[in-house]
Amino acid sequence: MNQNSHLADRKFIISGFFIFVAIIYILRLFYIQIIDDRYKLDARNNAFRNRTEYPLRGYIYDRNGKLLVQNVLSYDLLVTPKLAKGCDTMALCQILEISKDEFLRKMKKACQAPNSPRKESIFEKQLSNKVYAALQEKLYRFKGFDVQSRTVRRYPRPIAAHLLGYVGEVSKEKAAKDSYYLEGDYIGISGIERSYEEQLRGVKGKQIVMVDVHNKTKGRYMNGLYDTAAIAGKPLFCSIDIDLQEYGEKLMKGKKGAIVGIEPSTGEILCLISSPSYDPNLLVGGKERTKNYTKLYYDSLNLPLFNRALTAMYPPGSTFKLIDALIAQQDGLITRSTVYPCHGGYPPMGGRPKCHPHPSTDLPGSIATSCNSYYSYVFREIVDQKKFPNFEDGYNHWRDAVRSFGPNTKLGTDLPFDKPGNVPSIKYYNKIFGKNHWRSNTVVSLGIGQAELTLVPLQMANVVASIANRGYFYTPHCIKGVGVEKKLDEKYKKKNYTYVQNQEAYNNVLDGMQKCFDAGTATASKIPGIIACGKTGTAENPHGKDHAVFSAFAPRDKPKIAMVCFVENAGFGGTWSAPIVSLMIEKYLTGKVTRPEIEKRMMEANLIGANHVSEKKTKTKKRH
Amino acid sequence: MRKEEDSIFYGIDKLTVFIYVILVFMGWLNIYAAVYNEEHKNIFDTTQKYGMQLVWIGSAFFIATVILIIDAGFYTVFSYFFYGFLLLACIAVPYLGREVKGSRSWFRFGSFGIQPAEFMKFATNLALAKYLSNVNIEVELSRKNRFIDLIKNYKNTIYAVIILSLPLLIIKILQDETGLALVFIAFIITLYREGLSVNFLIVGLLSTLLFVLSLVIASNTLITLLAVIACLAFLFIKRSLKHFIIVSLIFASASGVVLATNYVYDHLEPHQKTRIDVLLGRGTVNLKKEGYNVNQAKIAIGSGGFFGKGYLQGTQTKYDFVPEQDTDFIFCTVGEEWGFVGTSSVIMLELFLIIRVIMMAERQRSPFSRIYGYGVASVLFFHLAINVGMTIGLVPVIGIPLPFFSYGGSSLWSFTILLFIFIKLDANRLVILR
Ligand SMILES: [Zn+2]
């Protein structure tokens, strides 16, 4: 017993040991259950899948409610690399029709930032129908892989690519800046898709679903308490007329250039054509997209991705004379009956700029015949008028008056490009000629829309619209409204007044423009039954054959459409641009074309190509 | 008074029974959660494990009652018989039993299965208690705790060790059930209580430490380190031949342990190697394969937080991320759905039962009952420590159940028998049993 009592103390050691171990365990549990958050995240990653519900992107309709852009379903293959280890790579490669190397490359990409092995990311975009069908059957075999449906754009009519723009994957920079976007998301990259991205995209929905160890969906987390539904994007009612747009693109086939049509009474853009164009369906995404884009990008002959209607800087040529005529009348420098001499050129400068033979004319006649000499006088009258003793003030007066029609200003359109064009400043010429080393005669060719004066086609169309409105314009915009309520920004309902408010001045200019069709440079393009006003132009092109320009609006009273057409390297504006514009106006106003032989000639003409380029050597320098 | 003493429930420790019932009930709730799926909600559905567990629980209560009815003397008298009989059953199982899922430790009766190795625990405990109380000696090898005295009473120690080693070796070698075999190591605690030299334990602990170190540190480095320690020891001890020899012997045997460990490790089966690697965090542990269980177990427990995710709300549990969650990994269910509150409660409750058993053992007049009681406490503790330890990554994965919690008839019956024999012995604590 004595011994036993000695040993009995060991019960404390034994109990103490048991308690000690239990305490260690409880401390350990305290650490992993309460202090260490890693396991909570791991548990979430195991069983929770954040599914993004992509909203339907808004449809785009034309001004008459005809469908321009719709959506079709497409499927992306997603992967969570951490869960995908040990899956049957070979079988998957076979279904996806990719090599093992490519598989590994994609897997590596899915593991690297901003993706992570624990995060689901896109493995393969826009599976083809065949691949999707094959994959869907066997998806359960590929742990860690999942298919997500999304919509991509579809263009029922393959037109207006430049205007509509395209949707593509968001750039890394944008995704980093804007929390709405995750890498791999789609965003409007150009055109209307870009301008109205926020309205079109809608709001993404979020679902938290739970999956079991076999990656089988077991329902929503908390019965969907934290889920949000996707809100579809709003429909967009585009202001363009799809038929007019399509017709214009047909006419411009085989030609480089641009056509912009505006409804003067609203500023709505009726058509915006940049040629050569491409089928917008080529850039909807998937494997093909990159290939197609590269092909378009490297087409250096046609530059199909170049949006000429909004970014090509063309000299307006003779169409610019209209502005000079208006300013000079507003300033009381000339009247309808003012006549200037022309002997095949501007006499004070020794017959430069040159002109073509024509009888002496009054103001309307000078527009109809497009006399260069007349407008050299007019330009100098404006710049050198007596109320500005300082030459620079005179020049600035002219420049500001011109700018009131839109040139050299940002119009504030809803189009992705808003290039101001260029009406050269005094500073610019001082740099070239030196201060006080230039006068109105030095830059006299500005008066006939040449020299450094450049505009983008949209601006020229806006000038025509302001003339059609007799003194004001609405900021050009390409939508009638957003959503079913057709909401439109107030800034598009505001009139912008030009410097010239003298209605008699407009009347005189319009007489000249009407005469242009009746007995002037565009007689061949006269539209039967419609009183239209037009002005031809030939924009001098230092790089090759001159560009043909034609501006017009119709009808003369209550104008419905103002339009400008540039055809590159086509020579005289009356030959190419005027017929095209006249056909389009006719088509738009009457719905039909009465001059099929002109239509046929325009459509079949191919002005792009090696043969045509060689003509520049034999070109004759004439301006009309 | 007379009447009360005649009742079979006279003198039984109600608190212990109460804790037992609570643990069994909590175990069932967690099994239900672990197996739960929406299609089978009927708790009596015996095609489901929670339905089956109800059958096991009911039969366990019946067995407990029978144990309490039988005279306490029966257990002492038939100690060796139980031991011998079950030992034979363990030997016979690999030959007579049918192989189930690669395991050869089961006797099958239709859809029922019995694992004799589970019952070996109480039988061995009885036999050990019988032997140690019969010789009526302490296993203590020296009153003065002198290392040299180890030799003196070695015979008794060796017999005790043989009683423990036989089932260990048979179950390990014939049945290849590591978890079931290792339990018998737990009886060292009993031996310690009955007088096993502290030196013996220290040697054991140091060997274990060396064993682990030699797995972590390169053997050359470790032996060099040991040599340095030995040299330092020479500086501080009395410079006599005797001490010199002792230190040299210690150094030699320590080096032997290191080399032996490396030899054994190199000759382990690959899956055993990886289990050790997983625990030590060595090499690149593939969380998809070897480390998967432990990792998922830790995720389940770790994600429970303080209050847990709520009953039947554990995503790890419900969606089957943790394998064997109704049996060896049942603690994960507790951790995930009941949180830290649940895990610490279960540990404390089990610990309370163990401490209670020790307290009861200490109040026995009969050495047999005391020794048996310590055996019960040791076995329960070993299971608790290993089972919980492996789910939280402190112990290698050894498949043994959490007492009263894990699903399974054999283990529940075995723990019930183990505990209730002791409760019966305790009810007769005033009687000296031999
Ligand atoms: Zn002339």
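How much area is buried between chain A and chain B, and what share of that area do carbon and sulfur atoms give? That is where I would like to begin, with the reminder that what we have in front of us is a predicted model. The area buried between chain A and chain B comes to about 3900 Å², and carbon and sulfur atoms give 68% of it. On the side of chain A, Arg10(A), Phe18(A) and Tyr25(A) supply 18% of the area that the chain buries against chain B, which is more than any other three residues.

If we turn from area to contacts, 39 residues of chain A are in contact with 53 residues of chain B. Ten residue pairs between the two chains are in polar contact, while the rule finds zero salt bridges across this interface. Several elements of chain A each supply at least two residues of the side that touches chain B, namely helix H1 (2-8), helix H2 (10-35), helix H3 (38-47), helix H4 (81-84) and strand E8 (205-211). Of these, H2(A) gives the most, with 18 residues. By type, the residues on this side of chain A divide into 23 nonpolar, six polar and ten charged.

Let me move on to the nonpolar cores. In soluble globular proteins, nonpolar side chains tend to be buried together. The largest core here has 124 residues, and those with the most contacts inside it are Phe18(A), Met120(B), Phe122(B), Tyr372(B), Phe404(B), Phe420(B) and Ile421(B). Apart from it lies another core, of 93 residues, which includes Leu200(A), Tyr340(A), Met460(A) and Val463(A).

Phe404(B) deserves a closer look, since we meet it again in the backbone. This residue lies in the loop between helix H17 (367-391) and helix H18 (409-427) of chain B, and, although it is not a glycine, it has a positive phi of about 70°. Phe404(B) counts as buried because its relative accessible area is 2%, and, leaving out residues up to four places away in sequence, the residues it touches include Tyr20(B), Leu23(B), Glu350(B) and Leu419(B).

What other backbone features should we note? Most residues other than glycine have a negative phi, and most peptide bonds are trans. Ser370(A), with a phi near 60°, is found in the loop between helix H16 (363-369) and helix H17 (372-383) of chain A, and it counts as buried because its relative accessibility is 0%. Glu97(A), just after H5(A), also takes a positive phi, of about 60°. Helix H5 itself, residues 89-96 of chain A, is mostly covered, with six of its eight residues buried, among them Leu92(A), Cys93(A) and Ile95(A).

There are also cis peptide bonds to point out. One joins Ser275(A) and Pro276(A), with omega about 0°, and Pro276(A) has its place in the loop between E12 and helix H13 (286-297) of chain A. Another runs from Ala554(A) to Pro555(A), with omega near -15°, where Pro555(A) sits in the loop between strand E17 (547-554) and strand E18 (561-567) of chain A.

Finally, strand E12 of chain A, residues 268-275, brings us to Glu268(A). Is this residue buried or exposed? Glu268(A) counts as buried, because its relative accessibility is 7%. Its side chain makes a polar contact with the side chain of Arg63(A), at 3.0 Å, and, beyond its neighbours within four places in sequence, Glu268(A) is also in contact with residues including Ser239(A), His477(A) and Lys480(A).

Definitions and conventions: Residues numbered from 1 in each chain as written. Chains lettered and ligands numbered in written order. Predicted model: local features only at pLDDT ≥ 70, side-chain atom pairs only at ≥ 80, totals over all residues. Heavy atoms only, no water. Helix = DSSP H or I, 4+ residues; strand = E, 2+ residues; numbered from the N terminus. Buried < 20%, exposed > 50% of the residue type's maximum accessible area, 1.4 Å probe, protein only. Polar contact = N/O pair within 3.5 Å; in protein donor to acceptor, adjacent residues only side chain to side chain. Contact = heavy atoms within 4.5 Å. Buried area = accessible area lost by both parts, 1.4 Å probe. Salt bridge = Lys/Arg side-chain N within 4 Å of Asp/Glu carboxyl O. Nonpolar A, V, L, I, M, F, W, Y, C, P; charged D, E, K, R; others polar. Core = buried A, V, L, I, M, F, W, Y, C linked by side-chain atoms within 4.5 Å.
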